[in-house]
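Grab a pencil and have a go at the exercises below. Try each task yourself before you read its solution.

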Amino acid sequence: MKRNWRIVTAVTAFALLSPASPALADAPEVPGRPVDPRPSTEELRRHLEKIEKRSRGAVDVAAIGTTNQGRPIFNATVGRGPLRLMYVTQQHGDEPLGTPAALELLEDLGVRPGRDERAVLDGVTLSVVVRANPDGHELDQRYNHDPDADPEYGEPGVGYDPNRYHSPALAPEDNPVPEAAAVRRQYEAFDPHLMVDYHMQGRYIDDDGEEITASLMWPTNDGVGDGERDLSRQAVAVSARAMEDSYDGANASLYPGGTYEGIARNAYGLLGSGSVLVELSATGPDMEQAQIASAYDSMYALAESAADGSLFAVDPDSADDIPERGEPLPGGGQGQAQPFHVEGDDLD
Ligand SMILES: [Zn+2]
C-alpha cells in the first residue's frame, strides 16, 4: 500500500480544449480525511507526541535544536533497517506542504504498520526533521527569525536563509543559523546514505503549456563524488516518477538550482550522501491536498525502493529524461501563499 488515501482524477474539458491557456487541472479528490496543510507548531508538537505514543516505541521524537524564539525543532526516527534516509521539511517557513506529508508518513509507518510498511521498516531507518524552521512558519516567512541578522544570505533585521548555511566548512557551533546547525548535527549523528530536502516553488508551465507541479535536482557542485551524484540522480528519478503517478495532471521537471555549497542539496552531497531537492509547486489552495499526497508518495517511494533495492538498480542517467522547468505561469501566484520569489529564481 503506497498510501492510505487515493486520488480520484479529473481534468477540466476547458483545460484540454484550450491550448492557449495553461492546462490547470481541477482539484483532484483526495479520499479520506483532509490533513491540515499548515498546522501550528504547537499542533505539530501534539501530533508528533501522539504518533510517538501510539507507535508504542516505534517512532522516537526528539527536539534537535531550539530556534531564536525558543521553539523546539523536532526530528522523528522510525525503522530498523540498515539503509538510512533523512528527510527535511520546511527549511523555508512559508513552504509548508512537506510537513503534513511527513506527519502522514510517520503515522502510516509508525502506528499499526501493515505488511508493506513493515517491509519498508525492515529495510530502512528514517530520520525526519519535521519543519526545520518553525519560527519562519509562525511568521509565514522564508527566513528564520533573527532581528540581529545582517546576513550574506537572508534579510537584514529579519533573518537568515537557512538553506544557505549548510556548507561542509561551517561547523554547527559556528553556524549563525540554529535551524541549519540543528539539521547538520542530526545529519552527523544519523549519517544518512540519502538526504532529501522538501521545499516549495512558484508556478510554472512546461513547453506544452501544462503546469509543472514539482521540480527536483541532485547536487550540482563540482566537488560532489560520482557515487553520491549517481545515487542522488537515481533518487530524483524514483521520486519524480512517484510524484507523477500521484495524481492525474501531476507533472515533474528538473529544478534549475545553483552550485553553491551552502545549499543543503549540494552540502550533503559534498559530505558524502546522496542528496535531493524536491520543490512542490504552489498550485493553489484547491490543489494542496493533492500536493501533500504527492510529497508523501515521494517520501514513501524513496523509502520503499531503498528497502527493496530497486532504487540502486535505476539508471542514474534516466534523470536526464525529466524535462527542464519551463516559464513562470502568467498571472500565477495571486490569492495564495506564494513562496518568496526573485528574478533568476535560483532559490532552492
Ligand atoms: Zn525553499
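Here are some exercises on this predicted model, each with a worked solution. Residues are numbered from 1 along each chain as its sequence is written. Because the model is predicted, local features need pLDDT of at least 70 and side-chain atom pairs count only at pLDDT 80 or more, while totals for chains, interfaces and linings use all residues.

**Exercise 1: Taking stock**

Find how many helices and strands the protein chain has, and what share of its residues is buried.

Step 1. Helices (H or I, at least four residues) and strands (E, at least two) are DSSP runs, numbered from the N terminus. The protein chain has nine helices and 12 strands.

Step 2. A residue counts as buried if 20 or more other C-beta atoms lie within 10 Å of its own, exposed if 12 or fewer, and partly exposed in between, with C-beta atoms placed from the backbone. Of the 348 residues in the protein chain, 54% are buried.

**Exercise 2: Walking across the sheet**

Work out the order of the eight strands in the open sheet, and which ones are the edge strands.

Step 1. Two strands pair if DSSP finds at least two bridges between them. Follow the pairs and you get S1-S2-S4-S3-S7-S12-S10-S11, with mixed pairing.

Step 2. The edges are S1 (60-66) and S11 (252-254), since each pairs on one side only.

Step 3. Look at one end: S1 and S2 are antiparallel, with six bridges, and Val61 sits opposite Ala76 in S2. Their hairpin has five residues between the strands, and Gly70 there takes a positive phi near 85°.

Step 4. Now the other end: S10 (residues 214-217) and S11 run parallel, joined by three bridges, with Ser215 opposite Ser253 in S11.

**Exercise 3: Strand S7 and its neighbours**

Decide which strands pair with S7, and whether its residues are buried or exposed.

Step 1. On one pairing, S3 (residues 83-89) and S7 are parallel over five bridges; Met86 has Met195 as its bridge partner in S7.

Step 2. S12 (residues 274-281) also runs parallel to S7, with eight bridges between them. Here Val196 stands opposite Val276 in S12.

Step 3. Check the cover: eight of the eight residues in S7 (194-201) are buried. Leu194, Val196, Tyr198 and Met200 point one way, Met195, Asp197, His199 and Gln201 the other.

**Exercise 4: Helix H9 and the core**

Find where H9 lies, and what it gives to the largest nonpolar core.

Step 1. H9 (residues 288-308) lies across S3, S4, S7, S10 and S12, at about 165° to S3. For such angles, axes are lines fitted to C-alpha atoms, for helices over the stretch in contact, and angles run from 0 to 180 degrees between N-to-C directions.

Step 2. A nonpolar core is a set of buried Ala, Val, Leu, Ile, Met, Phe, Trp, Tyr and Cys residues joined through C-beta atoms within 7 Å. The largest one has 89 residues, and Leu302 is among those with the most contacts inside it. H9 gives the most to this core, with 12 residues.

Step 3. Zoom in on Leu302. Two residues are in contact if their C-beta atoms, placed from the backbone, lie within 7 Å. Leaving out residues up to four places away in sequence, Leu302 touches Leu85, Leu194, Val196, Ala235, Val238 and Ser239.

Step 4. Finish with Ala290, which is in H9. Ala290 counts as buried because 24 other C-beta atoms lie within 10 Å.
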